[in-house]
Amino acid sequence: MIKLRAHHLLCFLGFRGYGYNKGFVDNFMRVYQKVYINNQRVKIISSPDVICKNCPNKKTEGCLQEEKVKKKDQFLIEYLFGLNINGTISPKEAYQYLAKMSIEEFERLCSRCEWYSYGFCRQGFLNLKNGGDNKVGD
Ligand code: SF4
């Protein structure tokens, strides 16, 4: 089963084929296809995952932004699972819950990310709330 950092569920909503470099984007697309497009069940975690492994911010000691991203993961894990920290979930089910999050909560989590200013993430979250589609690459 794929292990996925909780906040990467939100990153999928804003993915438009861009990323740190080609290796990162190719790997992101592979995981995105399996999880976001094909709804492969995931184990939600709050540590470096299959997406991080190709990221230039991932060093041997972990993510350079670990403190910041872990807070997002932990908020989302509690939001999705309560106290069950070993949760597995189908992405479709996770997005049903995430769609109920307010735009203010979403902005609090994501607005300080370097990718936020492009506008794709906010647009993707609003699409989710409105029952729309964010798919790319299929
Ligand atoms: S910035 Fe950190 S959490 Fe995000 S993909 Fe890179 S290593 Fe993973």
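## Helix α2 and what follows

Just after helix α2 comes Asn-39, a residue with a positive phi, near 60°. Keep in mind as you look around that this model is predicted.

Helix α2 has a kink of about 30°, and the kink is centred on Val-31. Val-31 is also one of the helix's buried residues, together with Phe-28, Tyr-32, Val-35 and Tyr-36. What do the buried residues of α2 pack against? Their partners are β1 (2-5), α1, β2 and α4.

## The largest nonpolar core

In soluble globular proteins, nonpolar side chains tend to be buried together. Here, the largest nonpolar core has 26 residues, and those touching the most other members are Leu-9, Phe-12, Leu-13, Tyr-32 and Val-35. Many elements supply at least two residues each to this core, including α1 (8-14), α2 (22-37), β2 (42-45) and α3 (66-81).

Try finding Leu-9 in the structure. Setting aside neighbours within four places in sequence, Leu-9 is in contact with Pro-91, Ala-94 and Leu-98.

## Around the ligand

Which residues surround the ligand? They are Arg-5, Pro-48, Ile-51, Cys-52, Cys-55, Asn-57, Lys-58, Cys-63, Gln-65 and Val-69. Sorted by class, this shell has six nonpolar, two polar and two charged residues.

## A look at Lys-129

Lys-129 sits in helix α6. Why does Lys-129 count as partly exposed? The reason is that Lys-129 has 15 C-beta neighbours inside 10 Å, while a buried residue needs 20 or more and an exposed one has 12 or fewer.

Lys-129 and Ile-103 are 26 residues apart along the chain, and their C-alpha atoms are separated by 9.1 Å.

Conventions. Residues are numbered from 1 along each chain as its sequence is written. This is a predicted model: local features need pLDDT of at least 70, side-chain atom pairs count only at pLDDT 80 or more; totals for chains, interfaces and linings use all residues. A nonpolar core is a set of buried Ala, Val, Leu, Ile, Met, Phe, Trp, Tyr and Cys residues joined through C-beta atoms within 7 Å. Helices (H or I, at least four residues) and strands (E, at least two) are DSSP runs, numbered from the N terminus. Two residues are in contact if their C-beta atoms, placed from the backbone, lie within 7 Å. A residue is near a molecule or strand if its C-beta atom, placed from the backbone, lies within 6 Å of it. Ala, Val, Leu, Ile, Met, Phe, Trp, Tyr, Cys and Pro count as nonpolar, Asp, Glu, Lys and Arg as charged, and the others, Gly among them, as polar. The bend at a residue is the angle between axes fitted to the seven residues ending there and the seven starting there.
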